[in-house]
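Thanks for coming. I will go through one model this morning and keep to what can be computed from its atoms.

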Amino acid sequence: MSNTKFYFECRSCGNHIPGFKEWFAEGQKCPKCGKSNIYTVYNTDKQKLKELIAQKTKPDSLWHYFDFLPLENPENIVSDGEGVSPIQQWSFLEKFAKEKHGLNLKVYVNRNDYSPATGTFKDKGGTLIASVLKEQGIKEYVVASTGNTANSVAQYLAKAGISASIFVPQDALHENFVHIGSLGQKVYIVKGDYAYAKKVAADYAKKHGILISLGNLDPLRLESKKTSAFEILRQLGKMPDVYIQAVSGGTAPLAIEKAFHDFGDTGILGKMPKMIFIQGHYCAPQVDAWNNAKAKGFPEGWENEYPIYENPKVFIPTIATGNPGLYPHLARLVKRTNGEYFAINEETTIEVARLVAYEKAVKIGPASAAAILGFFEALKNKAIDNEQTVFINMGEGVRRAISFLEQVSYTTEEITSVADTQRFDREKYRDFVWRPMMEY
Ligand SMILES: Cc1ncc(COP(=O)(O)O)c(C=O)c1O
Ligand SMILES: [Zn+2]
C-alpha cells in the first residue's frame with residue numbers, strides 16, 4: 001500500500017519525495033539536489049488540529065496527533081505515554097518577577113521530567129524514530145548525542161527490538177552510559193567533543209551502511225517535537241508571549257517553527273512567541289555570535305558569522321554544542337520574533353536547582369536549571385514585558401544527573417549520636433536557597 005498520508009518537500013529545490021521508504025533508500029538526501037533539508041507535508045485537513053487541541057483530558061501520548069505525524073499505520077506505534085507532560089504554572093517565579101522587577105507575569109513550565117520513558121523531552125523523538133523504523137522494517141540505527149537523545153533512542157529502539165549504536169562525547173554525564181548499556185544497546189564513549197562524536201558516528205554508519213539520525217533537522221525529530229506547540233495550545237489555550245529554552249543544536253525551537261510553517265495560515269496557533277535561547281557560559285557560540293552581530297547593528301550576512309569552539313570544557317555537557325551549524329537559522333528566528341540570546345553561569349544552575357526543589361519539591365537536571373536561570377537572566381536584562389505570559393521549555397529531570405544532584409544537596413550531616421542533632425525546621429533554609437537569586 002503506498003503512502004497517501006504525507007510526503008516530503010525538499011527545502012532547497014522543492015522536489016517531492018513520497019515517503020520514508022524512498023527517503024531512506026536515497027540515503028536521506030533529495031534525489032534531485034542532494035540536500036538533506038526536507039519538510040513533511042500532510043494531506044490531512046489542517047482544521048482537524050482544532051478538534052485535537054480542544055481535548056482537555058490528558059491524551060495517552062503525543063500519538064493523539066497521529067494525523068499530523070509521519071507514520072502510516074498506527075499498529076506500528078512504539079509508545080510509552082510520552083509528549084503530553086503537564087505544563088504547570090509556577091507561582092514562585094511569578095512572585096519573584098513581581099517583587100524584584102515589578103512585573104505581572106504568568107509563568108508556565110513544561111514538566112518534561114515526567115516523561116515516562118527517560119524523563120526528558122527527547123522521548124518525543126524516541127517514540128517517532130522507533131515507530132517509523134518499525135514500520136519500515138529497519139533493524140539498526142546510529143545516533144550521536146550529548147546524552148538525552150542517546151538514552152531515549154536507545155530505550156525506544158530496545159522496546160521495538162531494534163539495535164541502536166550510540167556515540168556519546170566523553171564528557172557526557174556518566175550516568176548516561178550505564179543507562180544505555182543496561183538496556184543491551186551499544187554505547188561508544190568517543191574520546192573527543194560532541195562534534196567529533198558526530199563525525200565518528202557518521203563514519204561508523206557509512207562503514208556498515210546503517211541508517212543514522214540526521215541531527216537537528218531530521219524530519220523524525222522535527223515532526224515529533226512539533227507537537228510541543230500543539231500541547232501548549234491544548235493545555236494553555238493559547239501561545240505564550242515568550243518562549244525560553246536552553247539550546248544546544250536547536251531542534252525544539254526549529255520544531256516550533258515547523259508547526260507555525262504548517263499552521264500559520266490557519267490562525268489556529270496564533271502568534272509565534274518571542275524566542276529567548278539560553279546557553280551555558282563555558283560554551284556559548286550562539287550567544288557570542290548574536291552579541292557580536294548586535295553590537296555591529298546586524299550588518300548584511302550577520303547570521304552567517306559564528307565561532308566554533310573545539311573541545312569546550314563545560315559544567316553542563318548536555319547542552320554543549322561547540323559547532324552550531326544551525327545558528328544562522330536559529331538566529332534569524334530570534335531576530336524575527338524580537339527575541340534574545342543569553343549565556344548563564346553554568347555553576348549557578350546548582351543554586352537554581354536548589355531553589356526549584358525547595359519551592360516545588362521537583363528535582364531538575366542541569367539543562368533544565370539552565371532554562372530556569374535563563375528566566376532570571378531575561379528579567380535582569382529586561383527582555384520580558386509586563387503582563388506577558390512566559391513558557392519555559394524545561395527539558396529534563398534528574399534521573400541521569402545524580403552527580404549534579406550530589407552538588408545540589410546541602411543538608412547531609414554525619415552523626416554519632418542524638419547529641420549531635422538539632423530539631424529540624426526546613427524554613428531555616430529559605431534564605432539560603434533564595435539569596436543567590438535575590439542577588440542575581
Ligand atoms: C534537557 C535538554 N535541554 C535542552 C536541550 C537542547 O535541545 P535542542 O537545542 O536540541 O532543542 C537538550 C538537548 O540535548 C536537552 O537534553
Ligand atoms: Zn532537492
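I will take the ligand first, then a helix pair, then the sheets, and end with a few single residues.

Keep in mind throughout that this is a predicted model.

Start with ligand 1. Which residues come nearest to ligand 1? They are N148, A252, A367, G395 and E396, out of 19 residues around the ligand. Three elements each give two or more residues to this shell: helix 5, spanning 148–159, helix 9, spanning 251–263, and helix 13, spanning 366–380. By class, the shell holds 12 polar residues, five nonpolar ones and two charged ones.

Helix 5 also has a helix partner. It packs with helix 4, residues 123–135, at an angle of about 35 degrees, and the two axes are 8 Å apart. The crossing of helix 4 and helix 5 is right-handed. On the helix 4 side, the contact is made by D123, G125, G126, T127, I129 and A130. Facing them in helix 5 are T149, S152, V153, Q155, Y156, L157 and K159. Sorted by class, the residues of this contact are six polar, five nonpolar and two charged.

Now the sheets. Strands 6, 7 and 8 form an open sheet in the order 6-7-8, with parallel pairing. Why is one side of strand 6 and of strand 8 left without a neighbour in the sheet? Strand 6, at 140–144, and strand 8, at 186–190, stand at the edges and have a single partner strand each, so one side of each has no neighbour there. On average, neighbouring strands of this sheet are turned by 15 degrees against each other, with direction ignored.

Between strand 6 and strand 7, which covers residues 163–169, the parallel pairing runs over five bridges. At one position, V142 stands opposite S165 of strand 7. Helix 6, residues 175–182, packs on this sheet and touches strand 7 and strand 8. The direction of helix 6 makes about 155 degrees with that of strand 8.

Elsewhere, strand 12, residues 389–392, pairs in the parallel sense with strand 5, residues 106–110, over four bridges. Strand 12 is also joined to strand 9, residues 242–246, by three bridges, and these two run parallel as well. F391 in strand 12 turns up in both pairings: it is the bridge partner of Y108, and Y243 stands opposite it.

Last, the single residues, beginning with two asparagines. N311 has a phi near 45 degrees, a positive value in a residue other than glycine. N311 sits in the loop between helix 10 and helix 11, the latter at 327–336. Is N311 buried or exposed? It is partly exposed, because 15 other C-beta atoms lie within 10 Å, and the partly exposed class falls between 12 or fewer for exposed and 20 or more for buried.

N338 also has a positive phi, near 60 degrees, and again is not a glycine. Its place is in the loop between helix 11 and strand 11, the strand at 340–344. N338 has 11 other C-beta atoms within 10 Å and is therefore exposed.

K294 lies in helix 10, residues 285–295. With 13 C-beta neighbours inside 10 Å, K294 counts as partly exposed. K294 and K335 are 41 residues apart along the chain, and their C-alpha atoms are separated by 10.0 Å.

That is the end of my list; I can take questions now.

Notes
Residues are numbered from 1 along each chain as its sequence is written. Chains are lettered from A and ligands numbered from 1 in the order in which they are written. This is a predicted model: local features need pLDDT of at least 70, side-chain atom pairs count only at pLDDT 80 or more; totals for chains, interfaces and linings use all residues. A residue is near a molecule or strand if its C-beta atom, placed from the backbone, lies within 6 Å of it. Ala, Val, Leu, Ile, Met, Phe, Trp, Tyr, Cys and Pro count as nonpolar, Asp, Glu, Lys and Arg as charged, and the others, Gly among them, as polar. Two strands pair if DSSP finds at least two bridges between them. Axes are lines fitted to C-alpha atoms, for helices over the stretch in contact, and angles run from 0 to 180 degrees between N-to-C directions. Two residues are in contact if their C-beta atoms, placed from the backbone, lie within 7 Å. A crossing is left-handed if the near helix is turned anticlockwise from the far one by less than a right angle, and right-handed if clockwise.
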